[in-house]
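Author: Let's go through this one informally, question by question. Keep the viewer open while we talk.

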Amino acid sequence: MMEQQDSTVDKAFAQEEWNRTCGNRANEKLVTKFMDASPDAINWVLDKADANGALTVLSGNHAIKSKTYPEAQCAHMVLSMIDGVMQPDINAVGNWMRADAEARGTEFIFSSPAVQLVQDGAKVVGAICETEEGYVRYSASKAVVLATGDIGGNLDMVEAYAPIAAPLVENGRNIYFPIGANTGDGLKMGLWVGAQLPNLPLPTMMHPQQYCQMSPGCFPAVNYEGERFFNEGIWMQGRTLNIMKQTDYSCYWILDSNWHDYYLESLEAGGGGVFWDGFEDKDAAMGQIQGYIDSKIAWQADTLEDLATAMDVDPATFRGTMDRYNGFCAAGEDADFRKPVEQLKPAKDGPFIGLKVGASLLTVPGSLKVNVDSQVLNKDGGVIEGLYAVGNVQGELFANDYPLYIVGCSHGRCMTFGYELGKYLKA
Ligand SMILES: Cc1cc2nc3c(=O)[nH]c(=O)nc-3n(C[C@H](O)[C@H](O)[C@H](O)COP(=O)(O)OP(=O)(O)OC[C@H]3O[C@@H](n4cnc5c(N)ncnc54)[C@H](O)[C@@H]3O)c2cc1C
């Protein structure tokens, strides 16, 4: 599909960006494997999409040409007709996979979580699962593959392995679903048979997705104390990390009556990225904002003081902050945080809108150390025979932070390493 649409990814640039975002702590062999193997894996999925009559599109938005944080155009989205509207349908992919696997004789057993791996010497040869009838031991014909997701639903493990995200988990800001499925079981089972963790802390996927899912970087943001605290015009993970440092891990995004014109200018000038672009349709955006107002996570007021009161922020402080910021916009220089002038858009003409935006944890996308064949490694760096890990229980593809540059890279890595492992184990 990328070839058909003349879309290419400069692998050297993408990989450099990936490694840099990951603080150069990712396993570069895994990164290379992901970049090289993902086209085959996505083509395998696209063939299934065609066979099932689904519509697939390539992501295409302002973020691709953004100067702030350009995204590679390589994310594929499957759309299905749901409730009379064509919309993204991640479930469809899982359903095709399952139907195909069952047609080939695979048996799926539900409601029986694995609790312990079984070993013959150092080799993993099976797993014990907890069922309603008691514990059942399964022997593996070839291998045991851990695909049990991340640790984000387990506060103790998050405190130990990804402490930056612990306050979010503690305060119910973990938006993984279904709740209670990502309790780090695979990591624990791996450690019990001698698996190795990468250098800590594990990476986190944290987005400004709590409350309003709208935070265009060209506008000012203030904390609950009514003060600006950073250059709002940075990439999404960076926005989240700064919001994380504020009271209630939240802030307010401030728009004025001309916001949409400024907004379009900001995109033309190279702004963009998740929760920044995507609001080009003004009527749709205003409908979204009205929904937030109805849900009491956004407020509208004729004056800055009234908006401050509605947001429960000190009006005098807020007024001072906004006057200072609007002054920077007029002068063409953000003396406080050096936001680039082309992204310095004011909020000076009422009525004003205040959007509450908070940090949330999606996943902790890293866990046990593996080699490029997804074999889990022991503490000496050797392989644990019979044991593999894919998805978020596989470590070191990400580190430090989540490289949004490749949109969909989390699903993409699950699919790519899963597909590659399937071929390897079938051989
Ligand atoms: C709100 C949200 C939005 C996201 N958006 C994107 C996006 O746009 N693009 C992207 O690439 N990624 C996105 N992600 C991240 C991505 O969804 C996850 O990283 C990815 O789904 C992880 O896949 P996984 O197979 O490793 O784990 P999971 O999808 O968590 O699956 C793990 C499975 O293992 C099961 N399990 C757990 N313990 C056991 C056990 N002991 N025995 C048996 N089974 C067990 C669980 O029930 C679950 O079914 C998003 C995540 C969230 C929360």
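**Helices, strands and loops**

Reader: In helix H10 (residues 304-311), which residues are buried?
Author: Helices are DSSP runs of H or I with at least four residues, strands are E runs of at least two, and both are numbered from the N terminus. Buried means 20 or more other C-beta atoms (placed from the backbone) within 10 Å of the residue's own, exposed means 12 or fewer, and partly exposed is in between. In H10, the buried ones are Leu304, Leu307, Ala308 and Met311.

Reader: How many degrees of arc around the axis do they cover?
Author: The arc is taken from the directions that run from the helix axis to the C-beta atoms. These residues end up on the same side of H10 because their arc is only 100°.

Reader: Before we go on, what pLDDT do side-chain atom pairs need in this model?
Author: Residue numbers start from 1 along each chain as its sequence is written. This is a predicted model: totals for chains, interfaces and linings use all residues, local features need pLDDT of at least 70, and side-chain atom pairs count only at pLDDT 80 or more.

Reader: Back to H10: what do its buried residues pack against?
Author: Contact is called when two C-beta atoms, placed from the backbone, lie within 7 Å. That gives strand S10 (250-255), strand S11 (298-301), helix H11 (315-331) and strand S12 (352-363).

Reader: Which residue follows H10?
Author: Look at the end of the helix. Phi is positive there, near 65°, and the residue is Asp312.

Reader: Are H2 and H12 roughly parallel or roughly perpendicular?
Author: Axes are lines fitted to C-alpha atoms, for helices over the stretch in contact, with angles from 0 to 180 degrees between N-to-C directions. The axes of H2 (residues 28-51) and H12 (residues 409-426) come within 8 Å and cross at roughly 85°. Under 35 degrees is roughly parallel, over 145 roughly antiparallel, 65 to 115 roughly perpendicular, and the rest oblique. H2 and H12 are therefore roughly perpendicular.

Reader: Which H12 residues make that contact?
Author: From H2 come Phe34, Ala37, Ser38, Ala41, Trp44 and Val45. Their partners in H12 are Gly412, Arg413, Met415, Thr416, Tyr419 and Glu420.

Reader: Which strands are at the edge of the S1-S2-S3 sheet?
Author: Strands pair if DSSP finds at least two bridges between them. Here 3 antiparallel strands make an open sheet in the order S1-S2-S3. Pairing on one side only, the edge strands are S1 (55-58) and S3 (85-88).

Reader: Is Asp83 buried or exposed?
Author: Asp83 sits in the loop between S2 and S3, and its phi is positive, near 50°. Since Asp83 has 5 C-beta neighbours inside 10 Å, it counts as exposed.

Reader: Which residue in the turn between S4 and S5 has a positive phi?
Author: S4 (residues 114-120) and S5 (residues 123-131) pair in the antiparallel sense over 6 bridges. They form a hairpin with 2 residues between them, and the one with phi of about 65° is Gly121.

Reader: Why is Phe398 buried?
Author: Phe398 is in the loop between S14 (383-389) and H12. Leaving out residues up to four places away in sequence, Phe398 touches Cys22, Ala26, Pro203, Pro365, Gly366 and Pro403. Phe398 is buried because its count of other C-beta atoms within 10 Å is 30.

Reader: What is omega for the cis peptide bond of Phe177 and Pro178?
Author: Pro178 lies in the loop between H5 (166-170) and H6 (185-192). The cis bond joining Phe177 to Pro178 has an omega of about -5°.
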